[in-house]
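Colleague: Please take a close look at one part of this model, the place where the chains touch. Give the cut-offs behind each term as you go, and then set that part against the chain as a whole.

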Protein chains: 2
Amino acid sequence: MWGSTCVAVTGFCRYIALCLCLAGLSAGAVGNDRFAECRGRWIEKAEAAKPRLFSRTVSPVRLVDVAADPSAFQGWGIKEGKPLKSAFSRPLEDGDAFVLDFGEHLVGYLSIQLVDFGRAADAPVRLQFDFAEMPIELAEDAANTKPSVSTAWYQREIVTFDDIPSTSRLPRRYAFRYVRVRVIGCSPYASFGIGGVSAQAVTSADESRLLAWDAPSEDAAILDRIARRTLRDCMQTFLEDGPKRDRRLWLGDLRLEALANYETYRNFDVVKRSLYLLAGTCGDNGELYSDAFERPVPRSGACRILDYTALFAATLLEYAEASGDIETANDLWPLCVAQLGDILDTVGGDGVFRDNGKWWCFIDWIDELDRQTAEQGAIIYGLKATLRLAEKLGRKSDVASVPAMVERMERAARTVLWDERRGLFLCEKGRQASYLGQAWLVLAGVLDEKSAKRCLKSVMADDEAVRPVTPYANHYFVEALYAAGMRDEAERRMMSYWGAMATMGADTFWEVFVPKDHRAGPYQTPLMNSYCHAWSCAPAYFLRNVKFSKPSERKDSQ
Amino acid sequence: MWGSTCVAVTGFCRYIALCLCLAGLSAGAVGNDRFAECRGRWIEKAEAAKPRLFSRTVSPVRLVDVAADPSAFQGWGIKEGKPLKSAFSRPLEDGDAFVLDFGEHLVGYLSIQLVDFGRAADAPVRLQFDFAEMPIELAEDAANTKPSVSTAWYQREIVTFDDIPSTSRLPRRYAFRYVRVRVIGCSPYASFGIGGVSAQAVTSADESRLLAWDAPSEDAAILDRIARRTLRDCMQTFLEDGPKRDRRLWLGDLRLEALANYETYRNFDVVKRSLYLLAGTCGDNGELYSDAFERPVPRSGACRILDYTALFAATLLEYAEASGDIETANDLWPLCVAQLGDILDTVGGDGVFRDNGKWWCFIDWIDELDRQTAEQGAIIYGLKATLRLAEKLGRKSDVASVPAMVERMERAARTVLWDERRGLFLCEKGRQASYLGQAWLVLAGVLDEKSAKRCLKSVMADDEAVRPVTPYANHYFVEALYAAGMRDEAERRMMSYWGAMATMGADTFWEVFVPKDHRAGPYQTPLMNSYCHAWSCAPAYFLRNVKFSKPSERKDSQ
């Protein structure tokens with residue numbers, strides 16, 4: 001398609017991209033509004049690739065009570081409540097409340113049927129609905145929190161029903177397993193009841209297309225099931241990070257979600273659409289934002305995350321390889337090239353990454369992490385993916401200067417950042433060692449397998465090393481273990497980290513999980529954490545992908 | 001129409017009605033389900049008469065602040081706030097709030113436009129809307145009240161907006177002049193604003209059909225305007241009592257609303273529909289309920305108010321006279337007859353009304369009122385209207401026993417209830433004198449004009465007499481003054497009572513108004529009172545109806 005419907009524009013795009021890379025110009029210097037023209041076409045492609053949503057009706061399976069339980073995750077456990085039928089078709093009064101359990105996490109809409117008991121309701125009924133992914137969301141009062149993001153994320157809905165009897169669908173989409181329904185206004189003169197409540201769960205994951213897979217163990221089957229549920233509930237009309245919060249397309253999350261999707265539901269459209277949403281909301285000079293919104297109209301977020309941007313080419317390459325859709329890879333190739341200028345602006349003449357203040361360096365949700373080594377690795381990783389994609393598309397000349405940059409950065413990693421005595425990559429200031437610094441430089445292929453093993457073992461033995469806190473970061477540490485040939489350690493770590501969530505009752509895998517701190521999270525309150533987060537669906541990827549799971553293909557030599 | 005589409009049914013209805021009256025049988029004894037057949041036809045007629053709603057867009061005129069003001073009604077005054085434009089198109093933060101003043105009371109829907117400022121909103125926005133007819137509803141916290149009716153009447157709406165920019169209409173219909181908008185959840189990272197707010201006001205009152213009228217004074221013009229606004233906002237697809245609360249059809253309210261309507265907008269369909277809604281939701285033996293609901297399907301309320309039911313024939317007669325629609329009067333005539341049995345069950349062999357516990361005796365919202373004298377008057381009044389309607393329809397034989405009953409009750413009033421020494425009607429137990437007891441017996445025509453004057457003057461001179469508290473009850477006292485030929489006193493009283501509301505800033509006339517107790521009301525909190533209540537639109541009726549306003553036709557001889 002590239003060059004067919006829009007020859008002049010795409011030709012110019014390619015030209016700009018080339019300029020940006022080869023001439024090392026700042027992206028802001030040339031060609032304003034040329035990518036603007038591409039954007040319109042890319043958004044059209046995003047719309048054309050919009051996947052259909054599969055919907056199913058889910059009924060609550062039981063009533064539960066949330067109770068303090070020191071042995072439970074976050075100290076809040078779920079107990080069997082009264083019989084389910086006790087909630088329905090009986091007169092309810094002001095203050096009555098119950099918690100419905102839908103049996104598993106789901107994303108969708110809630111319908112409620114209100115009934116009367118012979119006498120017409122003489123006043124509206126007001127109900128409060130609290131949707132919860134986790135017991136803590138029902139147990140602790142959100143009013144006592146001061147989160148760093150909008151409290152409008154809290155899934156509380158107060159609805160006033162004028163018509164009784166009636167069946168109504170609540171106004172928003174919710175992500176939940178539990179729903180507390182509380183009567184907060186009704187007539188003392190005419191009783192009403194709830195005839196029934198049901199959910200319409202939606203996803204673009206088609207269970208009928210799920211790839212067959214023989215789980216090697218019951219534990220593996222459990223982790224895969226939870227990971228797939230996580231993936232399923234984040235797979236909507238685009239790849240959301242979390243259906244409770246942020247409900248947004250994030251490039252870094254998209255990559256891991258896409259990788260798990262290729263091993264399971266293989267819905268390529270939802271990946272294609274997500275890639276085109278990011279592409280269609282790029283800046284005038286092709287600079288990618290790391291986040292995009294689908295509604296009310298496609299639009300970029302405000303974030304540019306260096307390590308996410310570095311992974312764009314890898315994400316596009318993996319998509320092309322999984323789907324065979326070379327046309328999309330060709331179409332979006334100019335964006336891979338367009339990122340290089342800004343990314344490489346962070347790399348000094350000595351080949352070392354140093355934060356220039358123009359990017360958000362993410363890597364993981366942890367303040368004390370010095371990201372230098374990890375970003376160094378992520379950039380090299382991204383550059384190598386860019387070269388592989390260029391080769392696949394026959395575009396090597398577009399990125400002719402990249403191989404030398406890769407070599408310089410690899411050398412710098414092995415000289416400036418490597419501490420031979422400790423067998424670790426250390427950041428320049430403070431000499432910090434981190435799991436993710438090692439992981440990303442191992443994934444970048446900076447070390448031979450023997451040194452990679454040494455460095456990963458060293459960091460795991462170092463109590464001072466900064467550890468990963470999110471499943472996103474743990475994913476890359478596990479992948480680095482696999483990359484270093486430490487298959488057993490990788491699998492053990494994966495089974496242990498994600499398995500701990502499963503043991504604590506996870507329905508879907510969480511945005512943040514720090515085994516020793518159940519209240520950890522970046523938002524000043526665990527109530528705000530997303531408990532179904534796409535970047536956490538690693539088990540489905542690692543367990544099912546032959547690259548990791550087949551011992552015959554990879555010898556573990558630790 | 002009677003006897004045309006449904007001969008057998010209507011014929012039978014008439015037969016039952018006749019039986020009920022002439023044989024004096026209890027309504028429960030005969031003909032179950034025969035009125036059920038009539039009901040279906042009556043509901044169809046109610047639907048066919050459903051008036052169209054006129055809609056207009058109303059913009060807020062200013063921002064205001066609600067402030068304590070001992071001189072203001074209920075102690076809460078309205079002060080000019082910041083410039084209106086300060087609310088719009090500027091970034092808003094959590095906790096920001098402002099009060100929009102729409103310039104006058106209205107009933108309808110609110111639309112709000114949310115905007116951003118270049119950066120996409122990265123989280124939902126949650127807004128709280130408090131709709132207020134009166135300042136007190138914004139000044140005092142409803143959470144501190146324990147009203148005797150559903151708190152769901154409080155017009156608070158909390159809406160979570162996922163899409164920004166967007167324009168949304170809030171889910172319900174509201175009755176308000178003021179709206180406080182408060183930001184209770186938004187992102188600290190991406191600012192949003194409100195582009196605009198507008199209301200779509202609805203009514204079945206057609207201003208283009210308003211009867212011309214020369215106000216005799218500026219004060220009269222003011223009261224008429226407020227009364228018409230009250231009427232307008234209660235005139236929806238049926239005659240509501242109050243558009244904030246109860247949003248219900250009440251027979252007693254319907255009557256006064258219809259009377260004012262005949263002098264102003266002359267929308268006969270809305271009266272016809274309301275009559276048919278009551279008729280179509282009657283009991284199996286034709287017993288009328290005093291209240292009915294339009295939605296979700298027409299349905300009776302649970303109340304049977306004796307004094308309201310006694311007025312049904314008067315209401316039907318007045319409708320027929322105003323509209324010329326004799327067909328409807330004929331169609332519903334069996335209901336007039338069907339009420340007689342239950343009504344007259346309250347009257348002893350001596351012709352005196354005594355509460356038999358089977359009815360709600362309303363008359364006014366005041367506990368200490370002994371309703372005996374007032375109900376005696378209301379029943380006689382109703383019987384006389386029934387006889388006039390019978391005469392008009394040629395149905396005198398249906399109510400052949402009624403004249404004797406009227407005579408017996410009038411005689412009983414003048415003997416058992418009349419205290420010649422004091423010149424007052426007194427209740428049997430406790431010898432209570434009340435304004436409404438005198439009013440209803442005067443309206444019933446039990447006394448000659450001279451005695452009527454004496455009795456009304458006596459009660460006004462009696463500090464112990466129970467006074468009316470609602471505009472509904474004040475209406476009938478004023479009307480009694482007119483009926484007794486005390487035109488000046490009637491007008492002075494009307495101008496003073498309703499004028500006091502106007503002076504205190506009433507936009508529409510209130511459900512309850514006790515000059516010495518601004519917090520009076522039947523719901524344990526003045527926040528629950530309706531401040532646009534159809535039974536309060538008396539001025540438009542009294543000022544415009546030639547029966548009251550033309551001195552030439554009535555000599556005031558007090």
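Modeller: The contact takes 31 residues from chain A and 31 residues from chain B; two residues are in contact if their C-beta atoms, placed from the backbone, lie within 7 Å. This is a predicted model, in which local features need pLDDT of at least 70 and side-chain atom pairs count only at pLDDT 80 or more, while totals for chains, interfaces and linings use all residues. Residues are numbered from 1 along each chain as its sequence is written, and chains are lettered from A and ligands numbered from 1 in the order in which they are written.

On the side of chain A that touches chain B, the elements giving two or more residues are strand S5 (125-132), strand S6 (156-161) and strand S12 (299-300) of chain A. Helices (H or I, at least four residues) and strands (E, at least two) are DSSP runs, numbered from the N terminus. By class, that side of chain A has 14 nonpolar, 8 polar and 9 charged residues. Here Ala, Val, Leu, Ile, Met, Phe, Trp, Tyr, Cys and Pro count as nonpolar, Asp, Glu, Lys and Arg as charged, and the others, Gly among them, as polar.

Of the interface residues of chain A, 100% are also interface residues in chain B, so the copies meet through the same surface. Now the symmetry. Two copies of a chain are related by a rotation about an axis and a shift along it. Chain A is superposed on chain B by a rotation of 180° with 0.0 Å of shift along its axis, at an RMSD of 0.1 Å; the fit is by least squares on the C-alpha atoms of residues with pLDDT of at least 70 in both copies. The two copies are thus related as by a two-fold rotation axis. In chain A, the C-alpha nearest that axis belongs to A:Ile158, 3.3 Å from it.

As for the whole chain, chain A has 17 helices and 14 strands. Its C-alpha trace spans about 80 × 55 × 45 Å along the principal axes. The radius of gyration of chain A is 25 Å, which agrees with the value near 24 Å for a compact globule of 558 residues; this radius is taken over C-alpha atoms, and the globule rule is 2.2 Å times the number of residues to the power 0.38. Among contacts in chain A between residues at least 6 apart in sequence, 77% join residues at least 24 apart.
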